[in-house]
Structure formats: structure tokens, C-alpha cells
Amino acid sequence: MQFNDFVKGEIVRHKEDQGVVNFICKEYITLTVGKYNKSPEDATHSISPYNEINLLIHSNKWKDCELVTNSQQGNRLADLYHSQEGRYGDAQ
């Protein structure tokens, strides 16, 4: 895979690990491969109630990545998303 192939929120497999694309830049991506709840004390003072386990994949290892498709329709999640479709025109 290449830089433009990655879309935040899509599921990608890297060797034996599979996760959701969480961050993308030209040097690396991160895949969220797990998450777990924070302790009640930590969650009270945090933005998010859970911790994430992220796998950092440098660009020279992107060749080992494989996109996981929507198994029911065979479509990429990004291809199904149309943010501007049906949007009203901006007032000028």
C-alpha cells in the first residue's frame, strides 16, 4: 500500500495484526489494534474513557499492509462515504 491508500477509520491488516487506521502521515501510520477501559479515577479526568493500543508502521513497511474490505459488499469504507452528497448550497 501507499500513502494515498490509507483512510482514517478503515481496517488494515499488517502481517498478523489487524486494526483501524488511527493516524496517517508521510513517515508512518498507526493502527489501533486494541482498547480497554481506564480506571474510574483516570476516566474522570480524561477526554476519553479508554486507552488505545496502537501499532506504529513506518512507510518502508507499508508494502506489508493489506486493506480489509467490507465483507458483505466488497467495498472500501471510504468509497461508501460521500460527505458532500445531498448537501445544501452555501449561502453567499
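This is a guided tour of a predicted model, moving from the confidence values through the strands and the core to a few individual side chains.

**Colouring by confidence**

Begin by colouring the chain by pLDDT, which averages 82, with 74% of the residues scoring at least 70. Two elements mark the extremes of this colouring: strand 4, residues 50-58, has the highest mean value among the elements of the chain, at 95, whereas helix 2, residues 77-80, has the lowest, at 51.

**Strands 1, 2 and 3**

Next select residues 11-14 together with residues 17-24, which are strand 1 and strand 2, and which pair in the antiparallel sense over 4 bridges. To follow the register of this pairing, pick Val12, whose bridge partner in strand 2 is Gly19. The hairpin formed by these two strands has 2 residues between them, and Lys15 takes a positive phi near 55° there.

Stay for a moment on Lys15, which lies in the loop between strand 1 and strand 2. Its backbone deserves a look, since most residues other than glycine have a negative phi. Lys15 is not a glycine, yet its phi is positive, at about 55°. The residue also counts as exposed, with a relative accessibility of 52%.

Now extend the selection to residues 28-37, which form strand 3 and pair with strand 2 in the antiparallel sense over 4 bridges. A hairpin joins strand 2 to strand 3, in this case through 3 residues. Across this second pairing, Val21 stands opposite Leu31 of strand 3.

**The nonpolar core**

Keep Val21 selected and add the rest of the largest nonpolar core, which has 8 residues in all: Phe6, Val12, Val21, Ile29, Leu31, Ile57, Trp62 and Cys65. Which residues does Val21 contact, once its neighbours within four places in sequence are set aside? Displaying its surroundings brings up Phe6, Val7, Lys8, Gly9, Glu10 and Val12, along with Thr30 and Leu31.

**Two salt bridges**

Turn now to the charged side chains, where a search of the whole structure finds 2 salt bridges. For one of them, select Arg13 and Glu66, whose side chains meet at 3.5 Å, N to O. Because Arg13 lies in strand 1 and Glu66 in strand 5, residues 65-67, this pair ties together parts that are 53 residues apart in sequence. Both partners can be examined on a surface view, Arg13 being partly exposed at 29% relative accessibility and Glu66 partly exposed with a relative accessible area of 43%.

Another selection, Lys63 with Asp64, shows a salt bridge in which the closest N and O atoms are 3.9 Å apart. Here Lys63 is exposed, with a relative accessible area of 59%, while Asp64 is partly exposed, at 28%.

**Lys38 and its surroundings**

Finish by centring the view on Lys38, which lies in the loop between strand 3 and helix 1, residues 40-44. Where does the side chain of Lys38 reach? Follow that side chain to the backbone oxygen of Ser48, which it reaches at 3.2 Å. With sequence neighbours within four places left aside, the contacts of Lys38 are Ala43, Ser46, Ser48, Pro49, Tyr50 and Asn51. A C-alpha to C-alpha distance drawn from Lys38 to Asn51 should read 6.2 Å, for two residues that are 13 apart in sequence.

Conventions: Residues numbered from 1 in each chain as written. Predicted model: local features only at pLDDT ≥ 70, side-chain atom pairs only at ≥ 80, totals over all residues. Heavy atoms only, no water. Pairing = 2+ DSSP bridges. pLDDT = per-residue confidence, 0-100. Core = buried A, V, L, I, M, F, W, Y, C linked by side-chain atoms within 4.5 Å. Buried < 20%, exposed > 50% of the residue type's maximum accessible area, 1.4 Å probe, protein only. Contact = heavy atoms within 4.5 Å. Salt bridge = Lys/Arg side-chain N within 4 Å of Asp/Glu carboxyl O. Polar contact = N/O pair within 3.5 Å; in protein donor to acceptor, adjacent residues only side chain to side chain.
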